[in-house]
Amino acid sequence: MRQYMGEGLLGKRNYPQDVFKMSVHRHLTDAFPKTYLIAAADDDTVPIQDSYDLESALKQHGIPHFIERPAHGGHGFGLGSVTDAAGWVERAISFFQEASK
């Protein structure tokens, strides 16, 4: 699935190199907005390591953030009401409300 998605977004040539160059954490600046991220450990499209890389960059730049990594949910779990991500929308709203005070 990961290769299929990458090819669909970036084309068939140089896919791994393009993904690496375009990874958000490599382009983050101090002006990056506060960030809420939820990434399921069993996501077969985006490696969970990407969430750790982004978290590290957010910390390095002092960007307010909240990261959740439920064990199950896959990729694109929507509201997550029947997954380990249940309630993520409410937690995201709370994070942004608190971070905006």
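The exercises below go through a predicted model of one protein chain, each with a worked solution.

Residues are numbered from 1 along each chain as its sequence is written. In this predicted model, local features need pLDDT of at least 70, side-chain atom pairs count only at pLDDT 80 or more, totals for chains, interfaces and linings use all residues, and side-chain values use heavy atoms, with hydrogens and water left out.

**Exercise 1. List the elements of the protein chain in order.**

Solution. Begin with the definition: helices (H or I, at least four residues) and strands (E, at least two) are DSSP runs, numbered from the N terminus. The protein chain has four helices and two strands. Read from the N terminus, their order is α-α-β-α-β-α.

**Exercise 2. Describe how β1 is joined to β2, and find the hand of the crossover.**

Solution. Two strands pair if DSSP finds at least two bridges between them. Between β1 and β2 (residues 65-68) there are four bridges, and the strands run parallel. In this pairing, Tyr 36 stands opposite Phe 66 of β2. Next, follow the path: from β1 the chain passes through helix α3 (residues 49-60) to β2. A crossover is right-handed if, with the strands pointing away from the viewer, the path from the first strand over the helix to the second runs clockwise. This β-α-β crossover is right-handed.

**Exercise 3. Determine where the buried residues of α3 lie around its axis.**

Solution. Buried means under 20% relative accessible area, exposed over 50%, and partly exposed in between (1.4 Å probe, protein chains only). By this rule, the buried residues of α3 are Ser 51, Leu 54, Glu 55, Ala 57 and Leu 58. They lie on the same side of α3 because they cover an arc of only 165° around the axis, the arc being that of the directions from the helix axis to the C-beta atoms. The face turned away from the buried side of α3 carries the exposed residues Lys 59 and Gln 60. The cover over the buried residues of α3 includes β1 and β2.

**Exercise 4. Decide whether Glu 55 is buried or exposed, and name what Glu 55 touches.**

Solution. Glu 55 is in helix α3. Its relative accessibility is 17%, so Glu 55 counts as buried. Contact means heavy atoms within 4.5 Å. Not counting residues up to four places away in sequence, Glu 55 touches His 65, Ile 67 and Arg 69. For Ile 67, 12 residues from Glu 55 along the chain, the C-alpha separation is 7.3 Å.

**Exercise 5. Do the same for Phe 66.**

Solution. Phe 66 is in strand β2. At 36% relative accessibility, Phe 66 counts as partly exposed. Leaving aside neighbours within four places in sequence, its contacts are Thr 35, Tyr 36, Leu 37 and Phe 95.

**Exercise 6. Identify the largest nonpolar core and the elements that supply it.**

Solution. A nonpolar core is a set of buried Ala, Val, Leu, Ile, Met, Phe, Trp, Tyr and Cys residues joined through side-chain atoms within 4.5 Å. The largest has seven residues: Tyr 36, Ile 38, Ala 40, Phe 77, Ala 85, Ala 92 and Phe 95. At least two of these come from each of β1 (35-38) and α4 (88-99). A second, separate core has six residues, among them Leu 28, Leu 58, Ile 63 and Ile 67. For one member of the largest core, Ile 38, contacts beyond four places in sequence are Glu 68, Pro 70, Phe 77, Ala 85 and Trp 88.
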